[in-house]
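User: I am new to this structure and would like a close look at a single part of it. Please choose one strand and explain, step by step, how it sits in the chain around it.

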Amino acid sequence: MLGSWQPWEFPNLKESDYQKTSEESEDYNCLAWAVHDNTKKWDPDELEQNYWPPGVPREVEIEAFRAAFRTKGFEDCDDGSLEDGIEKLAIYATSNGKPTHAARQLENGKWTSKLGDCEDIEHETLDCLNGERNWFGRIQCYGKAVGYMKRVRPAKQSAA
Amino acid sequence: MDVQINPNQSLQNPDFVLLVYNQVFGRPNDPRYTAMQLDEESTALLRAQREDVEVKFNELVNEWRAQRTRASSFSSANASLPAYQFIIGMGEKALPYILRELSKKDEDWYWALKAISREDPVPAEHRGKRSLMRQLWLEWGKAKKYAW
């Protein structure tokens, strides 16, 4: 089942790697989805059009992303291994160190991602979303997972 | 015929304004250039300018939609694309067309709207809530008398 993204945006994503779990939507994005929020976009845009936690620098920097997730109870951790009762996030960044995406680990060890304005997917691994600039040199892919955070898994998945 | 401009004449006087207009644009001070004819000329000129703006805007929108990546998580990625920046560069003339596109579909027009207008009808507590942002910006456009 193909999604609404362009194939070159995810050069390593095969159909067998994922399942779509929602329709496409511009109502929220990956950072919001990572913290169970499907009501708004989290985006540190400089013109302050989108939500960004108060007091966190509006910067596309890994440390700013970590600070944003800390407002939801996450703390830094070493890896994305599955642990009982723990919910983890993976932060993706390109080779220039700029963060691009966040994925959330499900209880079954798979990951869930909102792909920009496209669909949510459940994916087997973090690596299947890896990619640097595509061969046109124009599209910026997600890079790869470079950092992890964790918190006690909420009792209800729908609660932020 | 040269017009002797009397500094005591008032710009509130339409006959005097017409006299100056004809002088500035090199027209004979001919009574056939009535206010109505001038009105028709300026209306036609405005319409042509508007059509030029619309054609250019539509070209840039198509270019932007082809360039943008929908998988990007951040509005700044698509707002930094050249076509989008050219739309911002069109300034206030682009606003009715941006509002027209926004009225059809929720897309990343908020960056351009704020950059051009330097206004923001979305209160801080509603940032990122797209359907509400869309509604508030369309209401803003109506309040500002933009037609789309």
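Analyst: The radius of gyration used here is taken over C-alpha atoms, and the rule for a globule is 2.2 Å times the number of residues to the power 0.38. For the 160 residues of chain A, that rule gives a value near 15 Å for a compact globule, and chain A has 15 Å, which agrees. This is a predicted model, and every value below is computed from it. The C-alpha trace of chain A spans about 40 × 40 × 30 Å along its principal axes, and buried residues make up 39% of the chain.

Before turning to the strand, it helps to place it in order. Chain A holds two helices and seven strands, and from the N terminus these elements follow one another as β-α-α-β-β-β-β-β-β.

The part to look at closely is β4(A). Since a residue counts as buried when 20 or more other C-beta atoms lie within 10 Å of its own, the count for this strand is informative: six of the seven residues of β4(A) are buried, so the strand is largely enclosed by the rest of the structure.

On one side of the pairing, β4(A) runs antiparallel to β3(A), to which five bridges join it; within β4(A), A:P99 is the bridge partner of A:A93. The hairpin of β3(A) and β4(A) has five residues between the strands, and there A:G97 takes a positive phi near 85 degrees. The strand also pairs with β5(A), residues 111–114, again in the antiparallel sense but over two bridges, and A:Q105 has A:W111 as its bridge partner in β5(A). Here too a hairpin is formed with five residues between the strands, and A:G109 in its turn has a positive phi of about 90 degrees.

Beyond its pairing, the strand belongs to the interior. The largest nonpolar core has 33 residues, and A:A102 is among those with the most contacts inside it, as are A:L89, A:I91 and A:Y92. The elements that give two or more residues to this core include β3 (86–93), β4 (99–105) and β7 (144–152) of chain A. A:Y92 illustrates the link, for its contacts beyond four places in sequence include A:P99, A:T100, A:H101 and A:A102, as well as A:K144, A:A145 and A:V146.

Finally, the strand takes part in the meeting of the two chains, where 30 residues of chain A are in contact with 19 residues of chain B. Both α1 and β4 of chain A supply at least two residues each to the side that touches chain B, and that side has eleven nonpolar, nine polar and ten charged residues.

Definitions and conventions:
Residues are numbered from 1 along each chain as its sequence is written. Chains are lettered from A and ligands numbered from 1 in the order in which they are written. This is a predicted model: local features need pLDDT of at least 70, side-chain atom pairs count only at pLDDT 80 or more; totals for chains, interfaces and linings use all residues. Helices (H or I, at least four residues) and strands (E, at least two) are DSSP runs, numbered from the N terminus. A residue is buried if 20 or more other C-beta atoms lie within 10 Å of its own, exposed if 12 or fewer, and partly exposed in between; C-beta atoms are placed from the backbone. A nonpolar core is a set of buried Ala, Val, Leu, Ile, Met, Phe, Trp, Tyr and Cys residues joined through C-beta atoms within 7 Å. Two residues are in contact if their C-beta atoms, placed from the backbone, lie within 7 Å. Ala, Val, Leu, Ile, Met, Phe, Trp, Tyr, Cys and Pro count as nonpolar, Asp, Glu, Lys and Arg as charged, and the others, Gly among them, as polar. Two strands pair if DSSP finds at least two bridges between them.
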